[in-house]
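Visitor: Could you walk me through this model?
Guide: Gladly, here it is.

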Amino acid sequence: MNLRPFLITLSVLSAGQGLGLTIRGSVEGSGPADTRVAGFVVSPFGQAVEEVTSVPLENGRFVLEIPTAAPTARAQVDLTPQNVTWPGVIDPVQVSGQARVAELKFFVYRDANNNGRRDDNEPLRDVLPSVGRATLFVAWVNTDVTVKASKGYAATLKRGWNALIVDVGRAVAVQPFSDSTTVTVRLTR
């Protein structure tokens, strides 16, 4: 993948129970004209399973819409203490009830054939959205559920898409992502 270093700034505009997310971003630096920013549902081990949404970079900007619809059944997994590998989660892990979950991660790729979606021969590069030293975490759940772990980690997820800011230090602080927060993604070679 021939992407020169660039900085992507994201901001989530709307989030809530049953609502999708709208992410606006801008790019500092230059990337190839065929670069797309994408949200993929991933396995508990971080492997891309399903492209939920993607958009091309246009004049150094993009608007990424994460639909309100649930990810497909093949992209969902049972939420268990054993498969929570989210930012800031350290054993022991507790899950408040039975739930299905789909974690969304951000990637960039070159859409070599300009068909508007990723093909198998188009490598993905994962990018990590952050706010200062904290990380943006996005997940869909089929029901309200709370996940707790060591060092004070406590995430309350509402049915639908959720966006949280996770700050890992001596303790782990988890807070809802607000409309006015700007997230930065650094892409380096």
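**Aromatic pairs and a sheet**

Visitor: How many aromatic pairs are there?
Guide: This is a predicted model, where local features need pLDDT of at least 70, side-chain atom pairs count only at pLDDT 80 or more, and totals for chains, interfaces and linings use all residues. Residues are numbered from 1 along each chain as its sequence is written, and side-chain values use heavy atoms, with hydrogens and water left out. Rings of Phe, Tyr and Trp (its six-membered ring) pair if their centres lie within 6.5 Å; planes under 30 degrees apart count as stacked, over 60 as edge-to-face and the rest as tilted. By this rule, the number of aromatic pairs is 2.

Visitor: What is the geometry of phenylalanine 40 and phenylalanine 107?
Guide: Phenylalanine 40 sits in strand E3 and phenylalanine 107 in strand E8 (strands, E, are DSSP runs of at least two residues, numbered from the N terminus), so the pair ties together parts 67 residues apart in sequence. With centres 5.5 Å apart and 80° between the planes, the pair is edge-to-face.

Visitor: And how are the rings of tryptophan 86 and phenylalanine 137 arranged?
Guide: Tryptophan 86 is buried (under 20% relative accessible area; exposed is over 50%, partly exposed in between, with a 1.4 Å probe and protein chains only), at 5%. Phenylalanine 137 is buried too, at 2%. Their ring centres are 4.7 Å apart and the planes make 40°, so the pair is tilted.

Visitor: In E13, which residue is the bridge partner of lysine 148?
Guide: Strands E12 and E13 run antiparallel, joined by 4 bridges (strands pair if DSSP finds at least two bridges between them). In E13, lysine 148 has as its bridge partner alanine 154.
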